[in-house]
Amino acid sequence: MSQLAAGPTARAVLASPRDSGRLDRDWLTVLAAVPLFGELSRRHLKRVASLAKTRRFASGTAIVRKGDPGTVFYVIIDGSARVVAAKGRARRLKAGQFFGEMALLDDSPRSADVVAEDEVLALTISRSAFGKLLKSEPTLANALLRTLAGRLRAAEASA
Ligand code: CMP
């Protein structure tokens, strides 16, 4: 399993049995290791923590289904997931990577299935909180756009 952050605090946080839980201060170490949040100050990380929840998905679960409406943005904290689109190569997303942004950004149905490859611990952020975060945190919006550009290049290269 691919796990995001090392160290005793992160390990204790990730081993916590609480699901759908709010994120406490100990989570800041884990959030700081997520590349998308890498440029955020501690104050802004606290804001992310206040808006996010955690969810666990069993191996094989379709976390997102193509065609469904999008209500939530996901960041993988532990485990990995496979993006399965009708065309193109399936893509693996590992700890620290995100998905579910497209349907929220363009208000269209989910573009692909995203399936847990093993047990996945994900951070979830609701559509409205995601919109507010992007508006108020330009560094986060920039990091998201950089990743989207990279994914578009990879998709073009494999088409
Ligand atoms: P969304 O369309 O909301 O739901 C499915 C998600 O899969 C999508 O957002 C992206 O986060 C992700 N996704 C779709 N296509 C790709 C791709 N080519 N590479 C990586 N992730 C993708």
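Visitor: What makes up the shell around the ligand, by class?

Guide: In this predicted model, the shell around the ligand holds 7 nonpolar, 4 charged and 2 polar residues. Altogether 13 residues surround the ligand, and the closest are Gly 100, Glu 101, Ala 103, Arg 110 and Ser 111.

Visitor: Why is Gly 100 counted as polar?

Guide: Gly is placed among the polar residues by the definition of the classes, so Gly 100 counts as polar.

Visitor: What makes the approach of Arg 110 to the ligand a polar contact?

Guide: A polar side-chain atom of Arg 110 lies 2.7 Å from an oxygen atom of the ligand. The cut-off for a pair of N or O atoms is 3.5 Å, so the pair qualifies. For Glu 101, an N or O atom in the side chain is 2.7 Å from a ligand oxygen atom. Gly 100 instead uses a backbone N or O atom, 2.9 Å from an oxygen atom of the ligand.

Visitor: How much of the ligand does the protein bury?

Guide: The ligand taken alone exposes 460 Å², of which the protein buries 91%. The space that the ligand takes is the largest pocket.

Visitor: Which helix gives the most to the shell around the ligand?

Guide: That is helix α4, residues 101-106, with 3 residues.

Visitor: Why is the sheet called open?

Guide: Its 4 strands follow the order β1-β8-β3-β6, with antiparallel pairing. β1 (53-57) and β6 (98-99) are at the edges with a single partner strand each, so one side of each has no neighbour in the sheet.

Visitor: How do you know that β3 and β8 pair?

Guide: Strands β3 (residues 72-78) and β8 (residues 120-126) run antiparallel and are joined by 6 bridges. Pairing requires at least two bridges, so these strands pair. Within β8, Ile 125 is the bridge partner of Phe 73.

How values were computed. Residues are numbered from 1 along each chain as its sequence is written. This is a predicted model: local features need pLDDT of at least 70, side-chain atom pairs count only at pLDDT 80 or more; totals for chains, interfaces and linings use all residues. Side-chain values use heavy atoms; hydrogens and water are left out. A residue is near a molecule or strand if one of its heavy atoms lies within 4 Å of it. A polar contact is a pair of N or O atoms within 3.5 Å; within protein, one must be able to donate a hydrogen and the other to accept it, and residues adjacent in sequence count only if both atoms are side-chain atoms. Accessible areas come from the Shrake-Rupley method with a 1.4 Å probe; for residues, only the protein chains shown count as cover. On a 1 Å grid over the protein atoms alone, a cavity is a set of points where a 1.4 Å probe fits but cannot get out, and a pocket is an open set with protein on both sides within 12 Å along at least five of seven lines; lining residues have an atom within 4 Å of a point. A molecule sits in a cavity or pocket if more than half of its atoms lie within 2 Å of its grid points.
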